[in-house]
Amino acid sequence: MKKEFFKKISLVIAMFVSVGIYAQSVTGLVTSEDGPLPGATVQVKGTTVGVSTDFDGNFTIQADTTDTLIISFVGFTSQEVPVGNQDQITVSLIADNELDEVIVTGYGSQKEKEITSAVVKVTAEEFNKGPINDATQLLQGKVAGLSIYNKGGNPNSAATIRLRGLSTVGANVSPLVVVDGVVGASLDNVDPNDIESINVLKDGSAAAIYGSRGSSGVIIVTTKGGKSGEMQLSYNGQLSSSSILNRIDVMTPEEFRAAGGSDLGGETDWTEAVTRNAISQIHNISASGGFGNTTYRISANLREKEGIVINTGFEQFNSRANISTRALNDKLKVDFNASFTQRQSSFGNDLVLKYATLFNPTAPVYTEGSEYFPGNSGNAIGGYFETFGLFDSFNPVSIAEQHDLTGERTELNYNLSLGYDLTDDRDIQFRAARQTSVNQNRSYVPVTALLDGNALSPTRRGSASFNDNRFEFKLYEIFGNYNITSDGFNMNLTGGYSFQQDNFQNKGFSLGDFPDDSQDYSFNIDASQDLLNAGFIGANSNRGPDNKIIAFFGRVNVVIDEAIYLNASVRREGSTKLGEGNKWGTFPAFGIGADLNKYLGTDFDLFKVRLGYGETGSLPGPTGLSQVVYNFGYDSGGTGNTSQARAENPDLKWESKAETNLGVEFGNGKLSGSLDLYTRDISDFILETKVDVATYGFDRRYENSGKINTQGLELNLNYQLTDSYETGINLSTYNTTLEEYVLEQGDIRANLGSPGQNATNMLLVRPGEMIGQIWAPRFDGVDADGAPIFGDINEDGQVVASQDKWNDPDADFETAGNGIPTLELGWSNNLNLGNWSVNAFFRGAFGHSLINTFRAFYEPRLASQSSYNFVNTDLSLPELTVAQFSSLYVEKADFFKLDNLTVAYNFDIAQGSLINSAQLSANVQNAFVITNYTGIDPEPALVDGGTNVAGFSPVDVLAPGVDRRTNYFTARTITVGLNINF
């Protein structure tokens, strides 16, 4: 008993003694340049003892004099402080970006100075301002070499995106999108308000780590996360008004009558009739904060966007949650991101602009009161005035108001990332992601619609169609990093595995012949008479196989003497989309860079030269291209049968791109900039080609063929004129040559179309020639009979200019312009004066031409066109009475515009107020445009064709420069915004 008693007493005494030796109370303060840091972690190194700072950045911890404290906070560089005899410690943490800015590149990040490839980072402060409804608009004009155009600004159409020009002919031409590390994620499910920064990997050496999907460049999106501390609420709201900016110049009713046009007794401005002042609003609410090692940010976004064309626009709700935490002594980092988007769209009909331009200006909008429709005779066509018996003449208001084309898109994304620090220099990362996208589209045309509604027919009036599709995507990746450091040498090794799978399914059906116009029968299709008659209902469905991509990748980054930088990577990738003999491809890259300032002793603050080379691949969009394909159908007797549609190609392989980039980065005081020169060769396009029947059993199959070369230059300059004014400009230029290509139907394409010019093609596609050449006779005047006079280009004494002679060796055709700009420019200006700030961004494109198809069809004063309006631009020739395509309709479309102007005021907020900060802003998009182009929008048309709700129209990437009659009206938008942080 006594022994046990003394043991307990001795143990208690020992505990008090040990506490007296170890448990020294240390207090302190953790700050940053912005003030105290609440929620910072203070930990005794090598132990589990740790605390968090309070709201004022203060902490108290028990530590021995021999201990070292580790102070850390998300977004700041950790510091180690020996305790010693100190009982009061003050530490100021430095933000990571104040040391060496870290750039996310792909499966990791690098310090900006160590990157050997062409990579550009754009932060939230640098994004375009105003009512941005598409994340790509944030970057428009901000990155040299990145072209983003949405001709007309249709709120429901996606922008055309090109990085360094055309990157493929038969595969995906838009850059790969990576969102929070998820390769191939949907940018449609990211609200612009939730984006922290966007990095653009422009050259092959940067994109090669992504293999088959990196040929068109890579856009890496990082969304906003939370910071430790008490919860912060933020509200951002915008109210916008949009009005038509530009319109096609057509004859007024008075001019039309004077020109001999058919007078129908009314006066209507059809463009005015189908447009409106559109009101839109955006509301964003977010909550962020953190406690201990956990941070979070949750946001909700509501957008209601009206298009300036009546019955177009969308409503969208988006929410996102980002949660990050650390566990297991901070060795394990867990990130979870989820987002949900629901969007309801009113697409409208693309033909509204066309008919608003050509419909008779003396026609009234409605039949009521018109002598041509006595009594209630106009009810059969919905009360809208129509011109019966004319080819391709329809009331545009009837189309805009009666055609109901809607869609609903729902997207759900979520991903989980786990990172574990095995040692101080080794870590392993795991990432899993899922994405589901569902689209439901509906089209309804009532029995009273003349266009597509068959209003004057005794049978099969009205129509309804439905199309639903579902896309699913999943990604699993695991990779590790190993960092080796010694005096003057650092090497980082990365290696990993990636698995991606996606599939697609679609179904659709159509029917019609509805009884009347008493209701929307797309919600009551059982009333369709087609259900009682055989052969009228259209139905289709398809499902793609599980497309899989498996990859192994590795990379090494080396830094020598803190001034010489080496990079090399390789990706070995396989895809089920390709032939059995060529499923796998290898994509290597390397780069070298040097900070010559350290060795040459220049007067520059930065003088870095870098050289990179990389190979990437491209995959086709459709599946099964390497396989034999059969079509199923019924013969006239109703018997089902199959017929072969395509031969197989087990050797179908990757399309490939090889790119070399030479770059120089420099900085001297207030001036900084970069210059990049590049050349890229793209070969083995995946194209459907005519082949020998005797060899392959059928006359068509997909093969690898063709080659293009692009050479370009990009310049970026920034200058800090004063402490309050900074300006920056970026310039880019390139040209693309089609070196090899298999031509099946001659080397001119892009058909002008109906009426009357179906045999007219306009774009030259010829091996050895530059892409984008507009091919036409040279217009030299008008003869006495009103016909165009064409030039004798080859000076052989005769003019051969008819469309069927374009490829004749003696034909008088020439390059009338090029659809691709020779120079693109972005110019940003930022001015801060006290509480006021001004951001003005100018954008321009020069050297490109556009074929103004409105002029080509409706400008000549044809006698047969007296019932249609005439285009009446400054280029019109009243004496021209014959329509034939020529250089007359090819216009220089150079433009320079004030794209985005924002003026903002930051309110002074009293300390201790509920509101931390508040800003009121005014923004104008498309403030002015300087151009001589007479069409709607001078921005380049980089492709011919596109998509609409009614279906898919083939897109021709080899035929830029055609300004079609279905483009949307351009708008000027004025916005008032309010941002409040609590």
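Strand β11 and strand β16, the latter covering residues 195-201, run antiparallel and are joined by 5 bridges, and I should say at once that what we are looking at is a predicted model. Within that pairing, Val-119 stands opposite Leu-201 of β16, which gives us a convenient place to put a finger on the structure.

If we widen the view, these strands belong to an open sheet of 5 strands, whose order reads β11-β16-β17-β14-β15 and whose pairing is mixed. The edges of that sheet are β11, residues 119-123, and β15, residues 182-183, each of which pairs on one side only.

Let me now follow the chain out of β11. The loop between β11 and β12, where β12 spans 146-149, is where Glu-125 lies. Is Glu-125 buried or exposed? Its relative accessibility is 60%, and because the cut-off for exposed is over 50%, Glu-125 counts as exposed. Glu-125 is also part of a negative surface patch, which it forms together with Glu-126, Glu-196 and Glu-726. I would ask you to keep Glu-196 in mind here, since its number falls in the range 195-201 given for β16.

Finally, a residue from another strand, namely Asn-441, which is found in β24, residues 426-445. Asn-441 has a relative accessibility of 17%, and so, with buried meaning under 20%, Asn-441 counts as buried. How far apart are the C-alpha atoms of Asn-441 and Thr-737? They are separated by 39 Å, while along the chain the two residues are 296 residues apart.

Notes
Residues numbered from 1 in each chain as written. Predicted model: local features only at pLDDT ≥ 70, side-chain atom pairs only at ≥ 80, totals over all residues. Heavy atoms only, no water. Pairing = 2+ DSSP bridges. Helix = DSSP H or I, 4+ residues; strand = E, 2+ residues; numbered from the N terminus. Buried < 20%, exposed > 50% of the residue type's maximum accessible area, 1.4 Å probe, protein only. Patch = residues over 30% accessible without salt bridge, like charges linked within 9 Å, V, L, I, M, F, W, Y side chains within 5 Å. Areas by Shrake-Rupley, 256 points an atom, 1.4 Å probe, with all protein chains shown as cover. Salt bridge = Lys/Arg side-chain N within 4 Å of Asp/Glu carboxyl O. Lys, Arg positive; Asp, Glu negative; His and termini not counted. Charge placed at Lys NZ, Arg CZ, Asp CG, Glu CD.
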